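Let's take a walk through this structure together, going from the outside to the inside and ending with a few residues that deserve a second look. Keep the 3D view open as you read.

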Amino acid sequence: MAEKTPYSRSPESTSREKTMRKKLAPELLSNLGKIISDRLVRGMHFIEVQPNSGPSLVIWVKCAWKPGKFGNCAVQLDFPGKDKRANTAKDTIRVVDEKAIRARERGATHLLMLAADNEGHKALAANIVPIEKITHLTKECLSIDESLTRNGASPSIYVVAHGERQTKIVNKVRRLSTDLLNIIEDTILFSDAIDDLVSYPIGSISPEKKVISSGSYSRDPAVRTYVLNKADGQCEYCGEVGFLLSDGVSRYLESHHIIALADAGQDTIGNVIALCPKHHREAHYGLKRNDLESQMLKIVKKRN
């Protein structure tokens with residue numbers, strides 16, 4: 001049996017990453033459009049996607065380590081040789097910048113930071129960042145916690161966290177990236193989020209009408225109707241009254257699954273709340289969305 005070096009990987013680890021690269025990443029990215037190519041270039045994994053409109057996206061895929069018993073996942077952006085180790089914040093920025101340049105030279109437009117469960121089958125995070133913003137993201141993470149971001153001498157970005165220190169980084173990453181898991185579930189924002197991935201405006205003086213199809217969860221309309229009728233036009237979280245609809249009688253509110261269906265949430269009245277647009281968006285993308293989730297579950301429990 002060959003001697004195991006400090007940096008060699010177990011067969012289980014290799015198999016898990018293969019599952020993430022060959023199955024999980026293409027499945028997620030296919031929601032953005034048609035997969036054109038899936039290739040390795042000198043150890044860097046690229047998946048090219050053609051959305052329904054605009055230029056193709058070339059996604060550099062980086063897999064995070066498994067969550068293990070602590071539940072913290074980070075993407076190791078590079079593992080530089082001894083002569084280029086990232087021993088300081090300045091070194092870290094240099095290493096990441098050089099890696100991003102190599103990815104861009106090989107055609108990459110975006111980076112996908114993908115985290116999954118211990119088996120590699122279920123996505124826990126899928127954050128997409130334009131290639132030109134990777135260095136900026138790294139600087140922001142360094143300013144929050146240099147030690148965690150340097151990760152010894154191997155620059156790493158946390159994308160899933162349960163620890164207090166790691167959570168601060170994850171919150172920053174979410175604000176500076178596109179959350180692929182959220183836009184897949186949120187059909188209202190799906191098209192806009194895809195457009196936002198393009199780092200420059202395309203535009204058209206005569207837009208072509210297209211039918212966009214994507215994967216989504218089946219929802220019982222009776223549950224939505226019940227919750228909205230029960231709210232009677234008033235946001236169940238803040239009490240704000242929705243604006244009048246064109247019938248001159250009904251008030252506008254949005255239904256929200258407190259625990260996302262993608263996270264095994266139920267499509268029942270015990271998991272759906274009627275919200276004003278502001279708090280619906282905050283529940284998905286706000287810094288305090290975890291707190292909102294707890295508060296909303298309590299509100300729904302009292303309502304039912």
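The surface of this predicted model comes to about 17000 Å² of exposed area, and carbon and sulfur atoms supply 51% of it. Turning to what lies beneath, buried residues account for 44% of the 304 residues in the chain. The secondary structure consists of 10 helices and 10 strands. If you look at contacts between residues at least 6 apart in sequence, 61% of them join residues at least 24 apart.

How far can you trust what you see? The mean pLDDT of the chain is 85, with 85% of the residues reaching 70 or more. Residues 1–6 have a pLDDT below 50, and beyond near neighbours in sequence this stretch makes zero contacts in the model. Residues 199–206 also stay under 50, and here the model has four contacts beyond four places in sequence.

Now let's go inside. The largest nonpolar core holds 30 residues, and those touching the most other members are W60, M113, I131, I134, V159 and V173. Strand β7, residues 156–160, gives the most to this core, with four residues. To get a feel for the packing, center your view on I134: leaving aside residues up to four places away in sequence, I134 touches W60, L77, V96, A100, L111 and V129. Apart from this core lies another one, of 20 residues, including L29, V61, A123 and A126.

One helix is worth following from end to end. Helix α5 covers residues 164–175, and its 12 residues should span 16 Å at 1.5 Å a residue; the end C-alpha atoms are 17 Å apart, so the model agrees with the expected span. Which residues of α5 are buried? They are Q166, I169, V170, N171, K172 and V173. Bear in mind that an α-helix has 3.6 residues a turn, so residues three or four places apart point the same way. In the buried set of α5 you can look for this with Q166, I169, V170 and V173 among its members. The cover over these buried residues includes strands β5 (110–116), β6 (123–130) and β7, together with helices α3 (134–144) and α4 (146–150). V173 also brings us back to the largest nonpolar core, as one of the residues that touch the most other members.

What about the cysteines? A disulfide is a covalent bond between the sulfur atoms of two cysteines, and the count in this model comes to zero. C238 shows the reasoning: its closest cysteine sulfur is in C235, 3.7 Å away, and a disulfide needs the sulfurs within 2.5 Å, so this pair is too far apart for a bond. C238 is partly exposed, because its relative accessibility is 36%. C141, by contrast, is buried, with a relative accessible area of 0%.

Finally, let's visit two backbone oddities. Most residues other than glycine have a negative phi. R42 has a positive phi, near 50°, and sits in the loop between β1 (34–41) and β2 (44–50). With a relative accessibility of 77%, R42 counts as exposed. N151 also has a positive phi near 50°, and its place is in the loop between α4 and β7. At a relative accessible area of 26%, N151 is partly exposed.

Notes:
Residues are numbered from 1 along each chain as its sequence is written. This is a predicted model: local features need pLDDT of at least 70, side-chain atom pairs count only at pLDDT 80 or more; totals for chains, interfaces and linings use all residues. Side-chain values use heavy atoms; hydrogens and water are left out. Helices (H or I, at least four residues) and strands (E, at least two) are DSSP runs, numbered from the N terminus. Buried means under 20% relative accessible area, exposed over 50%, partly exposed in between (1.4 Å probe, protein chains only). Contact means heavy atoms within 4.5 Å. Accessible areas come from the Shrake-Rupley method with a 1.4 Å probe; for residues, only the protein chains shown count as cover. A nonpolar core is a set of buried Ala, Val, Leu, Ile, Met, Phe, Trp, Tyr and Cys residues joined through side-chain atoms within 4.5 Å. pLDDT is the predictor's confidence in each residue, from 0 to 100. The expected span of a helix is 1.5 Å times one less than its number of residues.
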